[in-house]
Amino acid sequence: MISVSNVTMRYGSKLLFEDVSVTFTTGRRYGLTGPNGAGKSTFMKVLTGEIDAQKGNVVRPKKIGVLKQNQYEFDAYRVIDTVIMGNKGLWAALEERERIYEKPELTDEDGSRLGELEGIVGDEDGYEAEANAAVLLQGLDIPDEVHERKMSELQGGQKVRVLLAQALFGNPQALLLDEPTNYLDLDSIHWLENFLNRYNGTVITISHDRHFLNSVCTHIADIDYETIITYTGGYDDMVLQKTQVRSRIESQNEQREKKIAQLNDFIARFSAGTRSSQVNSRKKEVERLATTELARSNIQRPYIRFDMLRPSGKHLLEIEDVNKSYTQPDGKTEHVINNFSSAVMRGDKIVLIGRNGQGKTTLLKALLANAGLDESDTSDIDSGVVKWGHEAQIGYFAQDHKGSIQLGMTAADWLHQFDPQATKEDIRGILGQMLFRGEEGNKKTDALSGGEAARLLFCKLMLQKPNVLVLDEPTNHLDLESINALNQALQKYEGTVFLVTHDQDLIEEVGTRIWHFEGGPTDFHITDHKGPYEEYQQQLALAAR
């Protein structure tokens, strides 16, 4: 159990939350929600003890698992050791035991201490530590051959998964996880959901994945109105309850205001007359009915709408026997796309799914290169044919989207270059739709956060009005409100979509067709299912029987 009493936090002059008291009960799984800037990560750091609350106190169990945010903190250690470090008591005992054994001669005191340390190692399941750590790593798609490597040799996405395994290791009494699904593919997300649903301690997680929150959470702790309110159920349950409570309070206030207006009218008419007792009675009634002032919600909802200047031809894209390979540092050749053929029709909404590193981004870049799109990170195919149809106009959202935005400009000037004929009002209007309001359009591109950079790229796509959208992990760095707006915009879009995402709601609600990347490293292949994800899952289930 984690208990928070009268906690207040400010960021500069901005009040994030005030006098918050909340208990996170053992056995419950809490989603910590709220828009970007609401204070979710700040509150999580208060819970972990990384920072102190400006007011109030936190009571936490001795053994908590925390998802570390610094990817480089453990670069000098083996992957397997990094996971075991999640149990601080066990790791300290193992290190001290190792130091004693390295001595040329052992004293009686050393022998006595070794006995104590062996007791700690036994109590903490230290003799099975490497095997237990390996199980966690395998579940998060970190293969056995990587376990003995140094963390410095891993890519960023792999490091995040190792740090997640570290947080889960050693049977902690509580898990505090800030964005645990970042860099996880769909299979790893499902594994994590199953793990957390079996876990008996307290879970508090920040996530912008609606499906994950609905699948895992028994409660939602929502940061809004400068406080934290706990709701029962998943994210969708919270939204419904929150809307109902807000509507009821607003309706009650409206009725009070009408009543107060009637009373004030009576007071104004008869205050100078003989009905003083009735006037005084009305004044007391006005004081009693004084309208409760509602704190302002800090939720901001962007408006995304993708239009087309003109439609493409009916036959949008032909792919014939496409191959793409890479030469690894050890000289081995890895074929990530093998003889892939497909025909894409206008209006198809294709979702590319599969494990990380299986070629999804590689295929998108190859398609873009053969479309003649001027993007710095496109790469051509080794062999085969990629033929785009008549009038195909492509809008691209790169996975490294911040790298797509030129530095040293204002957001408005950067956007304007994609349609020099657009008026300043046009540019200001599109920026406003994506929450760049007032002077925020003059913000320098160098200073944009990840979420702001993503929203600016959506501004570009709305301005360009392409008939093909190629989106590679567009939900990274977006809050839930923005992801929901993107989901609705893609469902309404009449053009063709190629979408790489691990967000299951997007996969299920947007996709009309699935390209499933499977196999590796020598048997990569792509299954082309002409139908939605739910239908594809049913087919896989039938085939597995």
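Among contacts in the protein chain between residues at least 6 apart in sequence, what percentage join residues at least 24 apart? In this predicted model, the share is 68%.

**The chain as a whole**

Let's start with the overall picture. The protein chain has 545 residues, and 48% of them count as buried. Its secondary structure comes to 17 helices and 18 strands. Measured out along the principal axes, the C-alpha trace spans about 100 × 85 × 55 Å.

**Helix 3 against helix 4**

A good place to zoom in is the pair formed by helix 3 (residues 88-101) and helix 4 (residues 108-123). Two packed helices are described by the angle between their axes and the distance between the axes. Here the axes come within 9 Å and cross at roughly 150°. Angles over 145 degrees count as roughly antiparallel, and helix 3 and helix 4 are therefore roughly antiparallel to each other. The crossing of helix 3 past helix 4 is left-handed.

Which residues of helix 3 and helix 4 meet? From helix 3 come Gly 89, Leu 90, Ala 93, Leu 94, Glu 96, Arg 97, Ile 100 and Tyr 101. Facing them in helix 4 are Asp 110, Arg 113, Leu 114, Leu 117, Glu 118, Ile 120 and Val 121. By character, the residues of this contact divide into nine nonpolar, one polar and five charged.

**Aromatic pairs**

Now for the rings. A search of the whole structure finds twelve aromatic pairs. A pair of aromatic rings is described by the distance of the centres and the angle of the planes. Two of the pairs are set out below, with their values.

| Pair | Centre to centre | Angle between planes | Geometry |
|---|---|---|---|
| Phe 24 and Phe 43 | 6.3 Å | 55° | tilted |
| Phe 498 and Trp 515 | 5.9 Å | 55° | tilted |

The pair of Phe 24 and Phe 43 links distant parts of the chain: Phe 24 sits in strand 2 (residues 14-24) and Phe 43 in helix 1 (residues 40-48), 19 residues apart. Buried means under 20% relative accessible area, so Phe 24 counts as buried at 0%. Phe 43 is buried too, with a relative accessible area of 0%. Phe 24 and Phe 43 also belong to one aromatic cluster with Phe 17 and Tyr 30.

The pair of Phe 498 and Trp 515 likewise links distant parts of the chain, 17 residues apart. Phe 498 lies in strand 16 (residues 496-500), and Trp 515 lies in strand 17 (residues 513-518). Are these rings buried or exposed? Phe 498 is buried, with a relative accessible area of 0%, and Trp 515 is buried at 0% as well.

How values were computed
Residues numbered from 1 in each chain as written. Predicted model: local features only at pLDDT ≥ 70, side-chain atom pairs only at ≥ 80, totals over all residues. Heavy atoms only, no water. Axes fitted to C-alpha atoms, helices over the stretch in contact; angles between N-to-C directions. Helix = DSSP H or I, 4+ residues; strand = E, 2+ residues; numbered from the N terminus. Parallel < 35°, antiparallel > 145°, perpendicular 65-115°, else oblique. Left-handed = near helix turned anticlockwise from the far one by under 90°. Contact = heavy atoms within 4.5 Å. Nonpolar A, V, L, I, M, F, W, Y, C, P; charged D, E, K, R; others polar. Phe/Tyr/Trp six-rings, centres within 6.5 Å; stacked < 30°, edge-to-face > 60°. Buried < 20%, exposed > 50% of the residue type's maximum accessible area, 1.4 Å probe, protein only.
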